[in-house]
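Me: I am new to this structure and would like a close look at one part of it. Please choose a single helix, describe how it sits among its surroundings, and explain the reasoning as you go.

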Amino acid sequence: YSVNEEIKRLGTHLKEYFKLLAKDEPVGKRLDFLCQEMNREINTIGSKSQMVEMNLQVVLMKDGLENIREQIRNIE
């Protein structure tokens, strides 16, 4: 299975995420939404993957994303 589309969308979401972090206005809800979208892409990658190494990376990405979401909850 190819995960190229998911990786490309994940990259797009990350670019937007960093743009939002640079703004001097409330962005917490938009960051949370982007995290939801990134989580969907990561889940899709995990469900398509049949490689143990990739599945381990998916677990790490999900863990990292959950840490980010915890921090976002503290941002307005």
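Reply: What follows looks closely at helix H2, after a short view of the chain that holds it.

The model is predicted, and its protein chain contains three helices and zero strands, so that reading along the sequence gives the pattern α-α-α. The C-alpha trace spans about 40 × 20 × 15 Å along its principal axes, and of the 76 residues in the chain, 28% are buried. Among the contacts with a separation of 6 or more, 62% join residues that are 24 or more positions apart.

Helix H2 covers residues 28-48, and its length can be checked by a simple step of reasoning. The expected span is 1.5 Å times one less than the number of residues, so the 21 residues of H2 should span 30 Å, and the end C-alpha atoms are indeed 30 Å apart, which agrees.

The next matter is which residues of H2 are covered. Buried here are Gly 28, Leu 31, Leu 34, Cys 35, Glu 37, Met 38, Glu 41, Ile 42 and Ile 45, a list that includes two glutamates, Glu 37 and Glu 41. These buried residues pack against both other helices, H1 (4-21) and H3 (52-72).

One residue of H1 shows part of this packing in detail. His 13 is found in helix H1, and it touches Leu 34, Glu 37, Met 38 and Glu 41, when residues up to four places away in sequence are not counted. Each of these four partners is among the buried residues of H2. His 13 itself has a relative accessible area of 15%, and because the limit for buried is under 20%, this histidine counts as buried too.

Elsewhere in H1, a search of the whole structure finds one aromatic pair, formed by Tyr 17 and Phe 18 in an edge-to-face arrangement, with 5.7 Å from centre to centre and 85° between the planes. The two partners differ in their cover: Tyr 17 has 10% relative accessibility and therefore counts as buried, whereas Phe 18, at 53%, counts as exposed because the limit for that class is over 50%.

As for the outside of the chain, about 5,600 Å² is exposed, and carbon and sulfur atoms supply 54% of that area. The chain carries 12 positive and 13 negative charges, whose mean positions are 5 Å apart.

To return to H2, its buried residues face two neighbours, H1 and H3, and His 13 gives a view of the H1 side through its contacts with Leu 34, Glu 37, Met 38 and Glu 41.

Terms used:
Residues numbered from 1 in each chain as written. Predicted model: local features only at pLDDT ≥ 70, side-chain atom pairs only at ≥ 80, totals over all residues. Heavy atoms only, no water. Buried < 20%, exposed > 50% of the residue type's maximum accessible area, 1.4 Å probe, protein only. Contact = heavy atoms within 4.5 Å. Areas by Shrake-Rupley, 256 points an atom, 1.4 Å probe, with all protein chains shown as cover. Lys, Arg positive; Asp, Glu negative; His and termini not counted. Charge placed at Lys NZ, Arg CZ, Asp CG, Glu CD. Phe/Tyr/Trp six-rings, centres within 6.5 Å; stacked < 30°, edge-to-face > 60°.
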